[in-house]
Amino acid sequence: MPEPKKMHIEIDKKSCKRCGICQGLCPQQVYTLAKDGSPEVTNPERCTNCHLCDLRCPDFAITLEVLA
Amino acid sequence: MNRPVGVQFMQGNEACVYAALDAGAKFYGGYPITPSSEIAELSAKFLPQVDGVYLQMEDEIGSIAAIIGASAAGKKAYTATSGPGFSLMQENLGMAVYAEVPVVLINVMRNGPSTGLATRPAQGDVMQARWGTHGDHPIIALSPASVQECYDLTLRAFNLSEKYRIPVILLSDEVIGHMRESLTIPERDQLEIVNRKLPDVPVAGYKPYQTGEDDIPAIPPYGTEYIVHVSSSCHDESGYSHSAPQTADKLVSRLHRKIEKNKQDIVQVEWFGPEQADLTLIAYGAVSRVAKQAVVNAQAQGLSVNLLRLITIWPFADDEVQAALAKAKAVLVPELNLGQVVREVERLNTFGTPIHALSRIDGEILLPAQIMEKIKEVLK
Amino acid sequence: MALSYKDYLEPSQLPHMWCPGCGDGIILRAYTEALAELELAPKDVVTVTGIGCWGKADDYVSTQAFHGTHGRALAFATGIKTANPDLTVVTLMGDGDAVTIGGNHFIHAARRNINLTAIVTNNYNYGMTGGQYSATTPLKSKTTTSPNGVAEPGFDVCFLAEAAGANFVARTTVYHAVALKNLIKEAILHPGFSLVEVISPCPTYFGRFNVHPSPVNMMNWLKDKAVPVQKYREMSAEEQYEHFAVGKIVVKERPDFYTTYQRINGGQVAAEEGDGNGR
C-alpha cells in the first residue's frame, strides 16, 4: 500500500458529464456524488495518487496534483 | 528504367504508364481488371525502379483509398480500372473531391452494365464520371482518342489534379487502351510538370483549407511542421468538422467555383474539317477517330460536314458546343452508349438546331460507313 | 519539456460529443497519453479514422489527421504509411469500421503486415446510428435491429487478426486503463501490423439493452468478463463463451510490407526465407 500523499483533485465541471465512473470505481472512496450526479471530492486525504479516476474519466475532467 | 524518348510504338495503356512516371507519380494502388490491366502490370514493373510503390489492393474501394492516402502523404498517385471497378470507387472519388486530394483515375471503359462484355469497348461511363459519386461536386474528365493522347492527357491529368487539387479521370476506352500506334514522347526537359502549391504562411494559425482569390488551398503533405486535418465530413478552413449550414454552402460553392472559373484552362476541344459546315459531328474518344474518317468520306462525296472533338469531357465544353449549335444546320452525336453526351448537347441548344444521336451498344465500335449512312439521312 | 496528453488534444474542439460513460473518451485519453510518453511530435503522427462514434476521435486530436469514409480507414492508412514510412500511423476504428464494413481491409492490412497500429474500439454495436447490431455483436444480443436477439454470432477481432497474420495482437478494456495505455505504447513501437482491441461500454444502447444502463455497472461488467489470456486458454469452452481474453495474444517479428517490398525489388531476399508465418 503506497504512502498516501497530500493531493489536490480538480474536477472540470464544464467537461464532466456526470457518468459516475470516478466515484463508482475509486478504490479509496475519495468521491461522493451530489444529488445531481456531480462528483465531489469529499475525502481527498484518502487519495493514493493511483490515477485510475483521471485515466478512466471519459471526459478529461479530472486533474490530480500532488501538493508539496 | 530506360525512359523511352522520341517516336515510339506502343499500346494506349502503356503510354498512360510512361506519362504517369514522367509526371512524377510514385504510387499506384489498384485491382487488376480488363481492359486496364496492362497499366497495373507496367506500373508494377517500373515503380520500384523509380523509388515508387505498386500496391495491389484487395478491391477497388481500397485502391482509391490507398492512392488518396498516398497523395495526402505527398506522393503523386494513380489507379486504373474499368466499369465495375469504377463503380466501386465512386464513394471515395467524392471524398477526394471534397477533401481536395489530387489523384488520377484511369478508366478504360468497357461494355456494361454489370460485368457486361469485359473485353469490348463502350462509352457508357460518361455520366458516371460526372455524377457517379453522391452530392453536388465538380469533376475533371479527359478523353483520349489516340496513343499519343493517352500519354499527353495522362500527363495533363496529373497536372490539372495537382493544380486544382481535384481528382482527374482519364476516360479512355478499350479501343484506345489496347490499340497500338506510334507516338512521340518528348525529352524530359520539354515536359511541363505541375506540382501542388505549398503554404507560405506561418505554421502557427495555419488553416489548410483557407484559400486566397484562386480558391485553391495550399496543403503540404503529412510530416511537415504544418498540421493538416483531412476530412470526408463537412469541414471549415481548419479541416476540422463543422456542420453549420453556411460552412457546408461555402465549401461546396468554392469547390465548384475553383473549377468553373478556370474552364478556359481546363476545357480542350479540336475542330476538324471545314470551319463552316451544314452538319457538325460532336464526338470523343475512339468514336471521334471514326468520325474523322466519316468527315473525310463525306467531303469526298460533296457533303458539308465537320467535327467538334471533345478532349475535355468534364467540365463540359459549353461554349464550344454552343458555337457549333449556332453555326451548323444540324448536329450529330455518335457515341458508344444510348445517348449520354447528346443530352448535354441538347441542354445547350437554345438555337432550335436539330440534334441527332447515333448509338451503338453491342460491344463493337461504330464504323465510318455507319456514321456516313446517318450523315446522309440527316442531310437528306 | 515533457509532453502531456493534453498536447495531443485540440482544446477548441472539446468537450467531445460522446455520451456520459462512453468508453471512447477513456481510449482517447490512453492514446494521447501513450503518444506523450513515447514523445512523438504531433506533426509526425497521423491519426486515421473512419465513421461512427469512435470515428469522431480525429476531431479532438492535434496530430496530423485523416478522417475517411466508413470502413476504409485502414486502406487510406495503407497508402499514407507506404508513401511515407517515417510517419507514425495510428488507425482508430470501431467494430463497424474495422471488421464489419471494413473487414476486407482489416484482414488484408494484417496479412500485408503494414507497419501501423490499429486501435479497435469494440462496443458490440453501432452507437452513432442508434444501436444496431454489428459483426461483433454477440449471438442473441438485443439491438435496435435485432429486437428479439441477433441471429448471427460475432467475430472475435483478435483471432481474426491473428489468423490473417498480424504481428502484434492484444486485447484489453477501458476498465484496465493503465494496461490500455501500455499496450497502445507497445503496439506503436512494434514493427508491422499491430492491433489493440479495446472492449468498451456503450451504456446508451448495448448496455441498456443487454447489460445495464449505468456506466459504473458496465465498467464492472468488463472487469468480470475479462480474463488474462493464459487463464482463458485453460478454460472450458463453456467458460470461454462467457469471457474474453485480455493481454498480448500474438507477438511476432515478421518483416513489414514496405521492408519486404524494398528488399524483394532490390533483389535482396534469400530464396530460403519464409513469410514469417511458417510458410
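**Figure 1. Which chains touch in this predicted model?** Start with the whole assembly, a predicted model, and ask which chains share the most contacts. There are two pairs of chains in contact, and chains B and C share the most contacts. Chain A and chain B, on the other hand, do not touch. Their nearest C-alpha atoms lie 19 Å apart.

**Figure 2. Chain C meets chain B.** Let's look at the contact between these two chains. Chain C brings 39 residues to this contact, and chain B brings 38 residues. Together the two chains bury about 3,000 Å², with 56% of that area on carbon and sulfur atoms. Polar contacts appear here too: 20 residue pairs across the interface make one. On the side of chain C that touches chain B, the elements giving two or more residues are strand E2 (64-67), helix H2 (73-83), helix H4 (103-112) and helix H11 (257-265) of chain C. Which of these elements gives the most? The answer is H2(C), with seven residues. If you sort the residues on this side of chain C by character, you find 14 nonpolar, 17 polar and eight charged.

**Figure 3. A salt bridge between chains B and C.** How many salt bridges cross the interface of chain C and chain B? There are two. In one of them, the side chain of B:Glu58 meets the side chain of C:Arg112, with 2.7 Å from N to O.

**Figure 4. Strands from two chains side by side.** This view shows strand E10 of chain B, residues 229-231, next to E2(C). The two strands run parallel and are joined by three bridges. To find your place, look for B:Ser231, whose bridge partner in E2(C) is C:His67.

**Figure 5. Chain C meets chain A.** Now turn to the other partner of chain C. This contact takes 25 residues from chain C and 17 residues from chain A. The buried area is about 1,700 Å², and 66% of it falls on carbon and sulfur atoms. Which three residues supply more of the area that chain C buries against chain A than any other three? They are C:His16, C:Arg29 and C:Val216, which supply 29% of it. Across this interface, six residue pairs are in polar contact. Helix H1 (24-37), helix H6 (177-189) and helix H8 (215-225) of chain C each supply at least two residues of the side that touches chain A. H1(C) has the largest share, five residues. By character, this side of chain C divides into 18 nonpolar, four polar and three charged residues.

**Figure 6. The salt bridge between chains A and C.** One salt bridge is found across the interface of chain C and chain A. Its partners are C:Arg29 and A:Asp54, and their closest N and O atoms are 2.8 Å apart. You have met C:Arg29 already, as one of the three residues that together supply 29% of the area chain C buries against chain A.

**Figure 7. Two aromatic rings across a chain boundary.** Over all chains, the structure holds 16 aromatic pairs. One of them is formed by A:Phe60 and C:Tyr5. A pair of rings is described by the distance of the centres and the angle of the planes. Here the centres are 6.1 Å apart and the planes are at 40°, a tilted pair. This pair crosses between chains: A:Phe60 sits in the loop between helix H2 (52-56) and strand E4 (62-66) of chain A, while C:Tyr5 belongs to the segment before H1 of chain C.

Notes:
Residues are numbered from 1 along each chain as its sequence is written. Chains are lettered from A and ligands numbered from 1 in the order in which they are written. This is a predicted model: local features need pLDDT of at least 70, side-chain atom pairs count only at pLDDT 80 or more; totals for chains, interfaces and linings use all residues. Side-chain values use heavy atoms; hydrogens and water are left out. Contact means heavy atoms within 4.5 Å. Buried area is the accessible area (1.4 Å probe) that two parts lose on being put together, summed over both. A salt bridge is a side-chain nitrogen of Lys or Arg within 4 Å of a carboxyl oxygen of Asp or Glu. A polar contact is a pair of N or O atoms within 3.5 Å; within protein, one must be able to donate a hydrogen and the other to accept it, and residues adjacent in sequence count only if both atoms are side-chain atoms. Helices (H or I, at least four residues) and strands (E, at least two) are DSSP runs, numbered from the N terminus. Ala, Val, Leu, Ile, Met, Phe, Trp, Tyr, Cys and Pro count as nonpolar, Asp, Glu, Lys and Arg as charged, and the others, Gly among them, as polar. Two strands pair if DSSP finds at least two bridges between them. Rings of Phe, Tyr and Trp (its six-membered ring) pair if their centres lie within 6.5 Å; planes under 30 degrees apart count as stacked, over 60 as edge-to-face and the rest as tilted.
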